[in-house]
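Visitor: Hey, can you walk me through this one? I'm new to reading structures, so plain words please.

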Amino acid sequence: MLMLPELIVIAAGFIILLLDLFLAEEKKNILGTLAFAGLLIALGRTLFSFGQQGELFGGRFVVDSVAIWFKIIFLLAGMTTVALSWDRLTGKTTDIASRMKHRGEFYTILLFSTAGMMYLISSRDLVTLYISLELSTIPLFVLVAWDRDNPLCGEAGLKYVILGALSSAVLLYGLGILYGLSGSTDLATISQKITHSPALWLSVAMITAGIGFKLTLVPFHMWAADVYQGAPTPVTAHLSVASKAAGMAFIFLLFYRVLGGAFQEWNILFAVLATITMTLGNLVAIIQQNIKRFMAFSAISQAGYLIMGFLGPFPEGLPSMLFYLYAYIFTNLVVFAVIIFYANETGRENIDDYRGLSRTNPIIAGAMMLGLFSLAGIPPLSGFVGKFFLFSVASKAGFHWLVGVAAINSTISLYYYLRIVRQMYIEPTMEDATTLQISPMLAGTIAITTLGAVFFGIIPFFYETINQTVAASDWWSVITATAR
Amino acid sequence: MNEGFILSNAWLIPAIPLISFFLVGMFIRPASKQAAGLVATSAVFLSAACAYMLAWEYYQAFAPEYQSIVPWSIEWLRYQEFLSVSVGVLVDPTSILLMVVVTTVSSLVHLYSIGYMHGEEGYGRYFTYLNLFTFSMLGLVVAPNIMQMFVCWELVGASSFLLIGYYYDKPSAVSASKKAFIVTRFADLGFLLGILILGYFGYHVYGVLSDSSTSVLAEMNQYSSTAIQPFDFKFLNHPAVIAQFADQGSLLGGISMLTLAMVLIFAGAAGKSAMFPLHIWLPDAMEGPTPVSALIHAATMVVAGVYLVARLFPVYAASGSALLIVAYIGAFTCLFAAVIGCTQDDIKRVLAFSTLSQLGYMMLSLGVATMAHPLGYTASLFHLFTHAFFKALLFLGAGSVIHAVHSNEIWDMGGLKRKMPVTHITFLIATIAIAGIPPFAGFFSKDEILAAALGNHHQIIFGIGLLVAGLTPFYMFRIYFVTFWGPHRTEGAEHAHESPPVMLLPLAILAVLAVIAGFVPMASFVHIGEPLGHHGINWAIAIPAILVALTGIGVAWFLYAGNQDRVSKLVQNLGVVYRVIKDKFYIDEVYLFITHNFIFKYISRPIAWFDRNVVDGSMNLTGWATRMSGWILSHMQTGQVQTYAAWYALSTIVVFGLLAVTLQ
């Protein structure tokens, strides 16, 4: 029963694939409902299994509280993506170019990718780990290139697949070295056998590069701008949250469970990566015009903050990162939901196009502003609280300079997030602007994600809940046991 | 000790206006103007009811010792061991007195404003600010430590700024609010410096005491919900602490640190209480709506300075010279303002100068008291108590007149006696009360002040006090005769009619209070040091004072009640002297000269230049550099997959290099 959520998701995927063959076009709305319901049931089942621990297949598939927290993220991201792509797939958008076709396949592929991510965090074995990662990534290549008639979209898909293959190869090579060093694919065994050697460092460098690609860490981030801009916006939203969370899950398993106790020594690597990631992301975001490209660089800089949680090992590291992930997905999805809404209705994607949105659609502009402020880390929104915990981890690890850098970067980021707020609130309204109608699906999504972005900041016990439940997992004892 | 509900929840008294401030400001004001006024007013009435309950419970539970207690407090800031600050409520006879005065006057002013401000633009905003003002003052009054007092002190300043500048489209109101804020802020700099000096030594002494004599600290901890802290009034005022203070060494010229700290703190008090030479903001502060003036002059803001000196009285008493400065500045302001008050033509301006003069009485009375002969302390607070009622009444009465005549000039009024009977009677009662005619309230407190001055052998101050006791009735009856007697001088006065009942009710209540407040046996409630023996009216002082007052009234009657020729002749004879007094001794002009010719030229301009060029320039440079680097970095993004892949491979090698170098 431990694997039930994954099985539900996969089963839903197959049912949709089959039904898609038989259903008449006008009845295909049921596919989206099915996809959503499948994810929702899996989410319910996952939530229900809180407090349970267990393993399958001789310890190769483990469910613990950490895995559950990650799975909730993946399922929420999947559900939001279904909601965000609803209008485009059902052809309800005012802007005809925004519409997308082949919804049966879209949902199937999305669900498979989600299932891959869910397997990923439960894996305790190099092979399962890699297969799960591929299961989550390859569907994303397809999703990115969904609008195959759109040259920009095709280009994005091609770039993503080429560079994705490159990063996969590097990652696999890194994992191969680990196997070579230890003679085992079991994470626990590897962590006991490995010793410091140049081969290990090479392996770590390659794994970092492979995962840096998924997390959009500078300098492995190059693909992000072009792919984020070219992909259909719901897919971009999915990439920016789910794919990043999957990367976090992977890096968590390898760096905490395998390299465990020796971890302190890699600190400087993460400090440097965090510094250049947030700095470059923020600086380049300043001059962007296209809002999706802008969000790509914003996402890059957020990844820089996120990996500050790895400056450990401290028991606070993982809860801080998880909390930030939650704050980040809700916040980021608020912004993407508004971007999708605006593109659906007008087909516009430039920052200048948001002129005077606060006068035509004040509530939506308000939600967007809250989302942007939370991304910039303005109290009392969740982004601020999340950053606070991450910065305190960095400070505890002795990287006070990094906290300074991160604070300066937050200031820079406030500048460019405010650029959009300025367009919405200060610049004169566009000549042909009228009040735009919002579909119930998007309105609901914006409402729920905005509430999440606000309330995670205000409700203090959410972090405490993560902290306490995560303590039930064995991740911290694994680190302390292998400390040397 | 059986603590009642209000006694253990004394925080309610300041909290109710605060909650109402948020409610009215954020939710009710946008919805309904009428509801805003009603909610704000009833909140303050509720707070007043709590204050009365508190007084009742306290005097029941703590008679006859009257300990000062801290029934509720929470830690607010903790810097290190021994150095922490709480937010709490201090209950002792003095704070209860102030709470009762503030809530009573404030609730009546709220009630009056419902009528007075009817139909004004920003009616809801007005009540929001009024609630904030009341909260700030109550927070100040209940402060158990000097830090909380300072915070609320600044809040009082900020909310007075908002209220004085209420008519923000009127340039004179804007400049008056700025003036009030800047002058009091300037004085607060002294206050803050004084706090820092006092706090530094307080912390030091605290360490000494906690090492050597813990019993002293334990004694102070009695009746407190949190441990005593270095900034607490109870700590600072304790004899053991003051004895330690006295040993803290002296500066150049033999001024002890204690005196320096107390003089600096008095600068803050003088700013808020508008003592000479920081008095210039108060006469202008009448640019706000008249009920606000009543609140500022009677119950909040200006009495804060008197209250601060009274709170720290034992420390002032330990530094005799600081107390002497308080006494002489008080006495000088008392005379100075009364003289100016005789020449002003704006009814509110006369009342403003009379407030200055009466505050001078309170300050001088504190100044002449000592720990051995503390009659002046009681007298000062007694006068604060009685003055609050008749001054509020005078201002509200003046507001009623202004509301009817639509002018502030007394020469535009006249003959209102029959047109506005209730206003007339209540105004007359207040005028007699301030003039010090028995058995009205002002007589008792003024008599006690004069007795205190003479009792501690301050003959000069007693002389000034007696002289002002004659000037006060003169200028007060001057405006009374000109406003209410004689013929109608303008159209406005011709068509004046009585104010609505919602405005008259507070007048009537205050009139009753102005008559009976003097009969409160203040000495048995509020005192410091040894309990005062019961002492009746000192007729040797009272009779001359009454005679002087009657003379003042007689002169006013002679000059202003009938033919005005006598006045113009007198003014002509006085010539230059009259001009100088009428122009308030050119104190404002002196300030303007100094600020324009020295401060602006040699301090402000260089700072402004530095700000515009160096500070702003560096900010612009940072912004420009950031954008430029973003632009340069964006060129890495070529759009070529080959470039991306090359970067990727190269970066992997760099990461490996980094690891190899750091882990070697």
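Visitor: What does the secondary structure of chain B come to?

Guide: Chain B has 30 helices and 2 strands. Keep in mind that this is a predicted model.

Visitor: OK. And what share of chain B's residues count as buried?

Guide: Chain B has 664 residues, and 53% of them count as buried. There's also a number for its contacts: take those between residues at least 6 apart in sequence, and 80% of them join residues at least 24 apart.

Visitor: Let's zoom in on a helix. Where is the kink in α2 of chain B centred?

Guide: On B:V24. Helix α2 covers residues 12–31 of chain B, and the kink there is about 50 degrees.

Visitor: Is B:V24 buried or exposed?

Guide: Buried. The buried residues of α2(B) also include B:I13, B:I16, B:F21 and B:I28, along with two prolines, B:P14 and B:P17.

Visitor: What do those buried residues pack against?

Guide: Three helices of chain B: α3 (33–62), α4 (93–116) and α5 (123–141).

Visitor: Got another helix pair I could look at?

Guide: Try α11 (residues 257–272) and α14 (residues 302–311) of chain B. They pack at an angle of about 155 degrees, and their axes are 6 Å apart.

Visitor: So how do α11(B) and α14(B) run relative to each other, roughly parallel or roughly antiparallel?

Guide: Roughly antiparallel, because an angle over 145 degrees counts that way.

Visitor: Which residues meet there?

Guide: From α11(B) you get B:F266, B:A269, B:A270 and B:K272. They meet B:V302, B:A304, B:G305, B:L308 and B:V309 of α14(B). By class, that contact has 7 nonpolar residues, 1 polar and 1 charged.

Visitor: Switching topic: how many residues does each chain put into the contact between A and B?

Guide: Chain A gives 30 residues and chain B gives 23. On the chain A side, α6 (151–182), α8, α9 and α11 (267–286) each supply at least two residues.

Visitor: Which helix gives the largest share of that chain A side?

Guide: α8(A), with 8 residues. The chain A side as a whole divides into 25 nonpolar, 2 polar and 3 charged residues.

Visitor: Anything odd in the backbone?

Guide: A few things. As background, most residues other than glycine have a negative phi, and most peptide bonds are trans. Here, the bond from A:V218 to A:P219 is cis, with omega near 5 degrees. A:P219 sits in the loop between α8 (198–215) and α9 (222–230) of chain A.

Visitor: Which other two residues does a cis peptide bond join?

Guide: A:P379 and A:P380, where omega is about 5 degrees. A:P380 is in the loop between α15 (362–376) and α16 (382–396) of chain A.

Visitor: And what about phi, which residues have a positive value?

Guide: A:H102 is one of them, with phi near 55 degrees. B:A274 is another, also with phi near 55 degrees. A:H102 is in the chain A loop between α3 (65–89) and α4 (103–122), while B:A274 is in the chain B loop between α11 and α12 (281–284).

Visitor: Is B:A274 buried or exposed?

Guide: B:A274 has 30 C-beta neighbours inside 10 Å, so B:A274 counts as buried; the cut-off is 20 or more. A:H102 has 13 other C-beta atoms within 10 Å, so A:H102 is partly exposed.

How values were computed
Residues are numbered from 1 along each chain as its sequence is written. Chains are lettered from A and ligands numbered from 1 in the order in which they are written. This is a predicted model: local features need pLDDT of at least 70, side-chain atom pairs count only at pLDDT 80 or more; totals for chains, interfaces and linings use all residues. Axes are lines fitted to C-alpha atoms, for helices over the stretch in contact, and angles run from 0 to 180 degrees between N-to-C directions. Helices (H or I, at least four residues) and strands (E, at least two) are DSSP runs, numbered from the N terminus. Angles under 35 degrees count as roughly parallel, over 145 as roughly antiparallel, 65 to 115 as roughly perpendicular and the rest as oblique. Two residues are in contact if their C-beta atoms, placed from the backbone, lie within 7 Å. Ala, Val, Leu, Ile, Met, Phe, Trp, Tyr, Cys and Pro count as nonpolar, Asp, Glu, Lys and Arg as charged, and the others, Gly among them, as polar. A residue is buried if 20 or more other C-beta atoms lie within 10 Å of its own, exposed if 12 or fewer, and partly exposed in between; C-beta atoms are placed from the backbone. The bend at a residue is the angle between axes fitted to the seven residues ending there and the seven starting there.
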